[in-house]
Amino acid sequence: MPSRNNKVIILYLLSYLEFRFMTDNVYKFLILELGIAIVDEKNMIQSFKRFHDPVQSHLKIKNRDYEEISESLEVFKVKPELLQTNYPEIIDYLRNNTFHAEKISAVEERQSQIDKISFYTEMYDSDQQDHSGRGRDISDNLREFSLKWSSLKVKEASEQLDLHISQSINALDEIDKILNTVGTRMREWYGLHFPELDNLLQNIVTYANIVSKVGKREEITVEFLQSLEIPENKIEIIIMTAKRSKGGKLTEENLLILQSLANEVISLAQIRKTLEDHIDISMEEISPNLKELLTATVGARLIAKAGSLKRLASLSSSTIQILGAEKALFRTLKTGANPPKHGLLFQHPVIHSAPKWQRGKLARAISSKAAIAARVDLYSRNPESSNTLASKLNDRITEIQEKYKEPSEIQQRQQQQNFKRADRDSYTRNKGKQYGRDRDKDRDGDRDFKFKKNKFKKRFHKSNKK
Amino acid sequence: MNQLSLYKSFDNGSFVILVDQAKERYLATQNLDTGKSVYGEKIIKIDDLEYRIWEPYRSKLAGALLKNLKENPIKESSSVLYLGASTGTTVSHISDIVGNKGMVFAVEPSVRVAREFLENVASRRKNIIPILMDARRFLHYYSYYGLVDVVYSDIAQPDQTDIAINNCKCYLKSGGDLIIVIKTRSIDVLTDPKLVTQNEAKKLENNQFQILQIINLEPFDKDHSLIHAKYVG
């Protein structure tokens, strides 16, 4: 029996080899930039079809509209045994049309690159144009196509919503920075006139409103403060302190400039508000699952850091966990210091409110679910999955919070050590502030410091020589 | 920089060296897109010809030329496959060199950078064909015109050498040149830059390349080196 089986297999193999090599029914189906070429085994052109509008035709093929291809497939009166193509996306389509289809091999790809110029010249010959400027004509057409094609890609990419999200979150961060600096400057300046107000009002916008709409401290009225929704007891204190303030007088010119500064703060705060709302809405639209797990701002920051939602979805959860802590990561790789537990994810309310020893575990749990959420958002947009993801994550978070209520013994020891080290550091730092001989004596005793000192000396001399 | 004058011009029309009164040398190429400066470089007119200064701190090829690249394979009317075109600083100079008979195929995956490249360089120069694709997916860029004489690769990726080799195998004619800029820090941050360069050179030698020259780009770019190799396959 076995020998018979072998015979069958050998016969089958032989017939396959015959089919593969003896038939000349193998064709290459090449999609080029300016048209479709069908080439036989010996690289002789069987048929070619020039695209009238190459960009449109390529767009159609990209969007799986295979009208143009099917037209040129009608060339075959007898269906070929095997079709090879240079365009991997259409293999499935060719197979569905009862063709054997496969990707062209690398060697043949190179060969078709070599032959391509002749393909094009023949393509143009068939159009019966004059032969004089043909070479130039082809390359002009090629250039025109590639310019149009790439501008189309740029346009397509600029229309993606996640790019707008990352721009708006970056704008939000920048406005926060400006608001902080301008706000503190305004408080400092107005503090010359009414220093006590700084401690009484935390909210920068109400402070700016007082400065811009009232100005001098004597003119602050109860009604105005009420309109700003300040609590009753505070209004009393403000009015009282305004009467016996230690601040100096404010000239009209200074007041005008201050008021325009305050107006700037108010308008910036308004922009901030609209940006925040916008991020909230567009995150709901583009990646609801990520928003559900991480809150809108943290999710948007992750997208901005990764570059786009597509790129975020391709990242592993461990990468997402430390996204934004690149500096610490490279320090780990170079010096072997402790790896970072979390990067941007630290801003997640669960993590930054948790005790120190839980944060690493929480960051890992959250990043693993965030990675899944990003993929779901990009590829399926299934709203049900957010519930299961969020509930699973919540289970895990409560589990961590209960299991690791207290730090383990090792962690406790480490913390104590860290404390000791910090203590010692501050001690030696204070030593450095002492003056006189004692200070130098102490430093000489420290071998490590001495070494650094010598190193510094050497470097200093070297640079002097130059 | 005052009053530059022509110091040396290369026969094959590649590039020129200008010199000022203090005898300091500057690289320059003849401007194909007259009156337009691409990245803020100076434009100089000498005898009705317009030259653009080629800054070695901006373009690694210029740095290599100043550090004695023995033979510049990019000449007039040669066709070049340029991987990692970015905003087109070096591409514009290469386009100047190859002239109207030559061709530059510029591959760049990042859309943001390509926007500037298309606007400032590719749409203004007739010898550049932009290809907006990842050089890793080299079989996908069907928009291609025969084989090329030179492959220039300047990609900051851990597998940049493999990408260059794959592209060469598909698109470089045998006997053609490969110029590859090795960014050692993006291949491996931890190991010594010299060792990384050696490893990459070895990789090329195992893939039918003959190493002609290795240049350390030290004063112009830190931890970068440029390898000039010939494809024998």
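The following legends describe close-up views of a predicted model with chains A and B.

**View 1. Domains of chain A.** The domain assignment divides chain A into three parts: domain 1 (26-128 + 140-154), domain 2 (164-275) and domain 3 (308-408). Domain 1 of chain A is thus written as two stretches of sequence, 26-128 and 140-154. Between the C-alpha centres of domain 1 of chain A and domain 3 of chain A there are 46 Å.

**View 2. The interface of chain B and chain A.** At this interface, 34 residues of chain A are in contact with 32 residues of chain B. The size of an interface is often expressed as the accessible area that is lost when the parts come together. For chain B and chain A, the area buried between them is about 2,800 Å², and 64% of it lies on carbon and sulfur atoms. Elements of chain B that each give two or more residues to the side touching chain A are the helices α3 (111-122) and α4 (160-171), together with the strands β8 (128-131) and β10 (172-183). By class, the residues on this side of chain B comprise 21 nonpolar, 6 polar and 5 charged.

**View 3. Polar contacts and salt bridges between the chains.** How many residue pairs are in polar contact across the interface of chain B and chain A? The rule finds 5 such pairs, with both residues at pLDDT 80 or more. The count of salt bridges between chain B and chain A is 0.

**View 4. The two domains of chain B.** In the domain assignment, chain B consists of domain 1 (4-54) and domain 2 (61-231). Their centres, taken over C-alpha atoms, are separated by 23 Å. Where the two domains meet, 16 residues of domain 1 of chain B are in contact with 22 residues of domain 2 of chain B. Together the domains bury about 1,700 Å², with carbon and sulfur atoms giving 62% of this area. Three residues, L32(B), V38(B) and W54(B), supply 36% of the area that domain 1 of chain B buries against domain 2 of chain B, which is more than any other three residues.

**View 5. Pairings between the domains of chain B.** The count of salt bridges between domain 1 of chain B and domain 2 of chain B is 2. In a salt bridge of 2.8 Å, N to O, the side chain of D33(B) meets that of R124(B). Across this interface, 8 residue pairs are in polar contact, both residues being at pLDDT 80 or more. The strands β3 (25-30) and β5 (49-54) of chain B each supply at least two residues of the side of domain 1 that touches domain 2. This side of domain 1 of chain B has 7 nonpolar, 6 polar and 3 charged residues.

Key:
Residues are numbered from 1 along each chain as its sequence is written. Chains are lettered from A and ligands numbered from 1 in the order in which they are written. This is a predicted model: local features need pLDDT of at least 70, side-chain atom pairs count only at pLDDT 80 or more; totals for chains, interfaces and linings use all residues. Side-chain values use heavy atoms; hydrogens and water are left out. Domain bounds come from an automatic or database domain assignment. Contact means heavy atoms within 4.5 Å. Buried area is the accessible area (1.4 Å probe) that two parts lose on being put together, summed over both. A salt bridge is a side-chain nitrogen of Lys or Arg within 4 Å of a carboxyl oxygen of Asp or Glu. A polar contact is a pair of N or O atoms within 3.5 Å; within protein, one must be able to donate a hydrogen and the other to accept it, and residues adjacent in sequence count only if both atoms are side-chain atoms. Helices (H or I, at least four residues) and strands (E, at least two) are DSSP runs, numbered from the N terminus. Ala, Val, Leu, Ile, Met, Phe, Trp, Tyr, Cys and Pro count as nonpolar, Asp, Glu, Lys and Arg as charged, and the others, Gly among them, as polar.
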